[in-house]
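User: I should like to go through the model shown below, beginning with one of its loops. Please give the reasoning before each result.

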Amino acid sequence: MSAFSLTTLMYHYVRDPGDRAEAGSGIPGLAPARFEAQLEYLAQHYTMITWSDLQADLLGQHSLAPNACMLTFDDGTCDHYINVFPILRKRGLSGLFFALARQPGDGLALGHKIHFLLARLGVDDLRETVWDHLKPAQRQIYTQAEAHYRASGEKSAVELLKSILQRDLSVPADTILSELIAEHIGDEAQIAGEYYLTSAQIAEMSANGMHFGGHGRRHPWFDWVSAAEQADEIGASAAWLRTIGPGPFPFAYPYGGYNADSAQLLRAHGFSAAFTTVVRVRHSDPFLIGRLDGEGL
Ligand SMILES: [Zn+2]
């Protein structure tokens, strides 16, 4: 596989305050009007391609335009059906959507619980409330992790809290944050049911030129879980994607995290490409394709 150039945009929430996707959660996102302005610019300066085009290129069937650009959307939130899909369809564009392989009874992924609680409580209150729920040994882990992330250059209170809850204390945080959602926001199952794309929405998007890829089931940092847990997450994505169409499939590493096991596990489960959050447009490994954050443009 030779190196290739591809500008891949990565989007998450696309919403306005108070719209149907934001639904009073207070979780901010890229305004749909700004998203459309970006598409206007991209369509003028790039050759917009689809996952099928990239797939054909990876298989050596044809090669990409030198200024190829692809749109990707992570996490499978309702924004993608409510706000993104109509805009792409109107412009004759396709998107690649990395949704979670949700199973009956799944609530919110840990990272998303954090978004809801940060929006409701603010970072200082959330940190303090989580601290109150931690056992002494967990508080010790928290303090050490906080010092470690500070020393490695992380200064933002939000990023410090997220790093610790998503990595070092992800197991207790999952339970504690569910309790806090019930206490401060509402019924998690109902919130999750409205927050993520439904199977019907995915089917409609898929029937209208949109592509789907894997993003795990529970969205852990792959470099913080065992190879067995990574295999579980990847297997869940492969099983879910096979209900939509034939592979090979694309994957996006949750939070952009991966380790030495990741690519091989993905290959073994029928994936042919994987996307990181590393900012670059020239790629030498189809399992480490970099992306630019559309929100930061
Ligand atoms: Zn994600």
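User: In which loop does Pro248 lie?

Analyst: This is a predicted model. Helix H11 covers residues 227–242 and strand E7 covers 249–252. Pro248 lies in the loop between helix H11 and strand E7.

User: Is the peptide bond from Gly247 to Pro248 cis or trans?

Analyst: The torsion to consider is omega. For the bond from Gly247 to Pro248, omega is near -5 degrees. The peptide bond is therefore described by its computed geometry as cis.

User: Where does Ala23 lie, and what is its phi?

Analyst: Strand E2 (7–11) and helix H1 (32–45) bound the loop that holds Ala23. Ala23 is a residue other than glycine, yet its phi is positive. The value of phi is near 50 degrees.

User: What is the orientation of helix H5 relative to helix H7, parallel or antiparallel?

Analyst: H5 (residues 123–133) and H7 (residues 157–168) pack with their axes 10 Å apart and at an angle of about 30 degrees. Angles under 35 degrees count as roughly parallel. H5 is therefore, with respect to H7, roughly parallel.

User: Is the crossing of H5 and H7 left-handed or right-handed, and which residues make the contact?

Analyst: H5 passes H7 in a left-handed crossing. On the H5 side the contact is made by Val123, Leu126 and Arg127. On the H7 side the residues are Ala157, Val158 and Leu161.

User: How do the residues of the contact of H5 with H7 divide into nonpolar, polar and charged?

Analyst: Arg counts as charged, whereas Ala, Val and Leu count as nonpolar. The contact of H5 with H7 has no polar residues. The division is five nonpolar and one charged.

User: What separates the centres of domain 1 and domain 2?

Analyst: The domain assignment gives domain 1 as 4–102 + 196–296 and domain 2 as 110–190. Taken over C-alpha atoms, the separation of the two centres is 26 Å.

User: How many residues does the contact take from each domain, and how does the side of domain 1 that touches domain 2 divide?

Analyst: Domain 1 gives eight residues to the contact and domain 2 gives nine residues. The side of domain 1 that touches domain 2 has no charged residues. Its division is five nonpolar and three polar.

User: What is the radius of gyration of the protein chain?

Analyst: The protein chain has twelve helices and ten strands, and its C-alpha atoms fill a box of roughly 60 × 40 × 35 Å along the principal axes. With 297 residues, a compact globule would have a radius of gyration near 19 Å. The chain agrees with this, its own value being 19 Å.

Methods. Residues numbered from 1 in each chain as written. Predicted model: local features only at pLDDT ≥ 70, side-chain atom pairs only at ≥ 80, totals over all residues. Axes fitted to C-alpha atoms, helices over the stretch in contact; angles between N-to-C directions. Helix = DSSP H or I, 4+ residues; strand = E, 2+ residues; numbered from the N terminus. Parallel < 35°, antiparallel > 145°, perpendicular 65-115°, else oblique. Left-handed = near helix turned anticlockwise from the far one by under 90°. Contact = placed C-beta atoms within 7 Å. Domains from an automatic or database assignment. Rg over C-alpha atoms; globule rule 2.2 N^0.38 Å.
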